[in-house]
Amino acid sequence: MIAKAALAQFEDADVVRHFWPMVRSQQHLDRILGEISANPGLVLFTLVNTETRDRLEQRCATLGLPCVAALDAVTNALEQQLGQEARGRPGRQHMMDEAYFQRVDAIQFTIAHDDGVGWENWEEADILLAGVSRSSKTPTSIYLANRGYKVANIPIVVESPPPPTLYSVRRPLIVGLTTSPERLIAVRRNRLLSLNQAPETAYVDSEHVAREVQYARRMFADNGWPVIDVSRRSIEETAAAVITLYNERKVAGDANPGMKAL
């Protein structure tokens, strides 16, 4: 990710990236060094074992390759701030702690409750995302699940209203996702083309789409659900806005223990 962020600052850079995760032994490193020798370039590493990183740095120096410890500056700053030395244990960020299993549960729940499925379990969700077709419900749900939130998403269809459960759940935060009809039509047309389907249907008819969006917005307003316009937002930005709403609701609930969820 550091390499990707840095490369974004350079235009037309023709770069081939190689990635070797979970390097924990000299034998594994030696195999990788053979590949580095055959494909020379800048080496970024996050090795914490002293012997392993020394061997890598020595070999890169012999090959005349730049070698950068990507996390050293951050680790040193944290040592100063926290007043303790880093443990230097390989793979600590990959340990299967409680947060790891929470993410796994969230991902499984979210996949099982995509597109209105499993409405009987919506009360178990942390977040419910509602919106018309192609309003980024599923990708936003999966992104949030990877952050540890159990998410269900519900399609809003004029001809097929959602089940009554949607209006009676108490625990989950319900968020409406909306977008401009123009953008929605463009996204849907691309979807139809990718599926080799006829591009001229009610699915992309301007009047029908406008009615869908209006119907969803009225539903959100009638129920007092917060709304996020995804027209000019990336999935990450939409998810960040949802998390902000979730945290604000949680803080409000903690401050007023007797307050019922909205």
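**View 1. A polar contact joins the side chains of Asp126 and Arg171, at 3.0 Å.** In this predicted model, Asp126 lies in the loop that runs between helix H5 (98-112) and strand E3. With a relative accessible area of 10%, Asp126 is buried. Beyond its neighbours within four places in sequence, Asp126 is in contact with Gly148, Tyr149 and Lys150, with Arg171, Pro172 and Leu173, and with Tyr246.

**View 2. Tyr246 in helix H9 (residues 235-255).** The relative accessibility of Tyr246 is 17%, and because buried means under 20%, Tyr246 counts as buried. Once neighbours within four places in sequence are set aside, the contacts of Tyr246 are with Asp126, Ile127, Tyr149 and Leu173. Tyr149 and Leu173 are also among the residues in contact with Asp126, so that the views of Asp126 and Tyr246 can be read together. As a reference for distance, Tyr246 and Ala77 are separated by 169 residues in sequence and by 31 Å in space, taken from C-alpha to C-alpha.

**View 3. The annotated binding site, with Ser133 in the loop between strand E3 (127-131) and helix H6 (137-145).** The unreviewed UniProt entry carries the annotation "binding site" for Gly131, Val132, Ser133, Arg134, Ser135, Ser136, Lys137 and Thr138. Of these residues, Ser133, Arg134, Ser135, Ser136, Lys137 and Thr138 are included in the lining of the second largest pocket. Ser133 has a relative accessibility of 25% and therefore counts as partly exposed. Apart from neighbours within four places in sequence, Ser133 is in contact with Leu184, Arg188 and Tyr203.

**View 4. Lys137 in helix H6.** Lys137, which the UniProt record also places in the "binding site", is buried, its relative accessible area being 7%. The side chain of Lys137 reaches the backbone oxygen of Gly131 at 3.3 Å, and Gly131 is itself covered by the annotation. Leaving out neighbours within four places in sequence, Lys137 is in contact with Leu129, Ala130, Gly131 and Val132, with Asn153, Ile154 and Pro155, and with Leu177.

**View 5. Cys60 and Cys67, in a structure where a search finds zero disulfides.** Cys60 takes part in no disulfide, and the nearest cysteine sulfur, which belongs to Cys67, is 3.9 Å away. Why is the sulfur of Cys67 not bonded to the closest cysteine sulfur, in Cys60? The separation of 3.9 Å is too far for a bond, because a disulfide requires the two cysteine sulfur atoms to be within 2.5 Å. Cys60 counts as buried, at 0% relative accessibility, whereas Cys67 counts as partly exposed, at 28%.

**View 6. Residues 258-262, where pLDDT stays under 50.** For the chain as a whole, the mean pLDDT is 89, and 92% of the residues reach 70 or more. Over residues 258-262, by contrast, pLDDT stays under 50, and the model has eight contacts beyond four places in sequence for this segment. Where pLDDT is low, predicted coordinates should not be read in detail.

Definitions and conventions
Residues are numbered from 1 along each chain as its sequence is written. This is a predicted model: local features need pLDDT of at least 70, side-chain atom pairs count only at pLDDT 80 or more; totals for chains, interfaces and linings use all residues. Side-chain values use heavy atoms; hydrogens and water are left out. UniProt positions are given in the numbering used here, feature names are shortened, and annotations may be inferred rather than shown by experiment. On a 1 Å grid over the protein atoms alone, a cavity is a set of points where a 1.4 Å probe fits but cannot get out, and a pocket is an open set with protein on both sides within 12 Å along at least five of seven lines; lining residues have an atom within 4 Å of a point. Helices (H or I, at least four residues) and strands (E, at least two) are DSSP runs, numbered from the N terminus. Buried means under 20% relative accessible area, exposed over 50%, partly exposed in between (1.4 Å probe, protein chains only). Contact means heavy atoms within 4.5 Å. A polar contact is a pair of N or O atoms within 3.5 Å; within protein, one must be able to donate a hydrogen and the other to accept it, and residues adjacent in sequence count only if both atoms are side-chain atoms. pLDDT is the predictor's confidence in each residue, from 0 to 100.
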